[in-house]
Amino acid sequence: MDLGFLLQTLIPSWNSVAVLVIFFAYLAVAGSILPGKLVPGVTLQDGSRLHYRCNGLLALLLLVGILGIGSKMNFLSPTVISDRGLELLSTTFIFSFLTMVVLYAAGCRSRSKSSSLKPHITGNLIHDWWYGIQLNPQFMGIDLKFFFVRAGMMGWLLINLSVLAKSVQDGSLTQSMILYQLFCALYILDYFVHEEYMTSTWDIIAERLGFMLVFGDLVWIPFTFSIQGWWLLNNKVELTMAAAVANCFVFLIGYLVFRGANKQKHIFKQNPKALIWGKPPKVIGGKLLASGYWGIARHSNYLGDLLLALSFSLPCGISSPIPYFYPIYLFILLVWRERRDEARCAEKYKDIWAEYCRLVPWRIFPYLY
């Protein structure tokens with residue numbers, strides 16, 4: 001592709017701004033008015049507790065339905081996103097940057113003593129910008145951290161659906177594209193079916209809202225996790241039946257480990273006496289679960305996530321490393337995050353964590369790492 005043309009396609013337009021604004025406006029309104037389970041978050045240091053309305057699945061299905069009807073009635077093109085991919089990428093990046101400017105300024109000026117809004121300023125501009133200053137900043141009653149991750153996951157599916165529509169329109173739909181779309185759609189729908197589990201993840205309960213999360217949720221998730229779909233638009237891959245079946249097994253195993261581990265952790269936090277695989281849970285120091293998947297590896301959910309990421313790329317074959325950007329990146333990210341998690345847990349739980357590490361020596365990959 002000509003460099004000049006590429007740079008031109010990156011320039012935001014009012015159309016891309018409108019798409020982004022309408023998307024965020026819909027999520028804000030739908031998240032506030034649609035019915036959904038009200039899930040209590042973890043108890044914060046000051047004793048307060050946020051509550052999250054988990055209606056993401058209904059909001060997503062309603063949005064897809066509205067877009068489908070709009071496309072059928074020729075009110076909008078189903079390829080509006082795939083036709084403006086780079087435009088939307090640059091627009092979303094600029095929005096993320098401006099959002100972080102506002103969050104940083106609001107955090108520095110905050111005088112709140114609450115755990116959610118108390119400013120954590122180290123004096124290192126890069127550190128404070130990257131990791132954020134406040135734990136749970138809000139805008140018009142909307143918890144921004146929960147809102148942004150929901151936007152990223154929905155955006156990923158919308159990009160994929162638009163790429164799928166483009167491949168159908170161009171007559172380039174292949175088995176590989178169908179497998180990729182199916183795996184991603186199942187993963188994203190499953191995320192929203194179990195959206196309440198997100199409320200007990202480290203990102204929600206401990207990470208402050210900085211550029212790392214804002215950029216990661218709004219730009220990185222939707223635009224890099226969909227690279228395989230974009231690649232398949234321009235590269236035809238024919239899989240053997242054996243390769244397709246093996247790909248399905250990788251996805252299934254990854255899903256069982258990822259969802260099973262996260263479900264066990266979430267249930268344990270809600271009820272520490274709940275059975276794990278039909279047996280009473282083994283608990284270290286009354287705090288750390290050492291049963292089920294968590295008795296196999298200390299970060300077994302990361303292993304499931306990596307297998308799922310690999311399953312999204314395998315439909316693209318092995319002719320190019322480009323479609324494998326996501327699993328390679330995720331491997332680096334999760335190993336880095338696992339190291340950060342280990343350091344935090346060692347500081348927080350001290351001897352209890354050391355005992356857990358002796359009982360469960362494997363970090364992510366049993367018998368390997």
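Tutor: A salt bridge here is a side-chain nitrogen of Lys or Arg within 4 Å of a carboxyl oxygen of Asp or Glu. The model is predicted, so local features need pLDDT of at least 70 and side-chain atom pairs count only at pLDDT 80 or more, while totals for chains, interfaces and linings use all residues. Residues are numbered from 1 along each chain as its sequence is written, and side-chain values use heavy atoms, with hydrogens and water left out.

Student: What makes arginine 298 and glutamate 342 a salt bridge?

Tutor: Their side chains meet with N to O at 2.9 Å, and the definition asks for within 4 Å, so the pair qualifies. Arginine 298 lies in the loop between strand 6 (288–289) and helix 13 (300–313), and glutamate 342 in helix 14, so the pair ties together parts that are 44 residues apart in sequence. Helices (H or I, at least four residues) and strands (E, at least two) are DSSP runs, numbered from the N terminus.

Student: Why is glutamate 342 called buried?

Tutor: Buried means under 20% relative accessible area, exposed over 50%, and partly exposed in between (1.4 Å probe, protein chains only). The relative accessible area of glutamate 342 is 9%, and therefore this residue counts as buried. Arginine 298 is buried as well.

Student: What else does glutamate 342 form a salt bridge with?

Tutor: Glutamate 342 also pairs with arginine 363, the closest N and O atoms being 3.9 Å apart. This pair links distant parts of the chain, with arginine 363 in the segment after helix 15 (351–359), 21 residues from glutamate 342. Both pairs belong to a network of salt bridges that links Arg298, Glu338, Arg339, Glu342 and Arg363.

Student: Which of arginine 344 and glutamate 207 is buried, and which is partly exposed?

Tutor: Arginine 344, at 27% relative accessibility, counts as partly exposed, whereas glutamate 207, at 3%, counts as buried. Their side chains meet in a salt bridge at 3.7 Å, N to O. Arginine 344 is in helix 14 (residues 325–349) and glutamate 207 in the loop between helix 9 (202–205) and helix 10 (211–224), 137 residues apart.

Student: How do you know that helix 7 is largely enclosed by the rest of the structure?

Tutor: The conclusion rests on a count, because 20 of its 27 residues are buried. Helix 7 (residues 144–170) reaches 38 Å from its first C-alpha to its last, close to the 39 Å expected at 1.5 Å a residue, where the expected span is 1.5 Å times one less than its number of residues.
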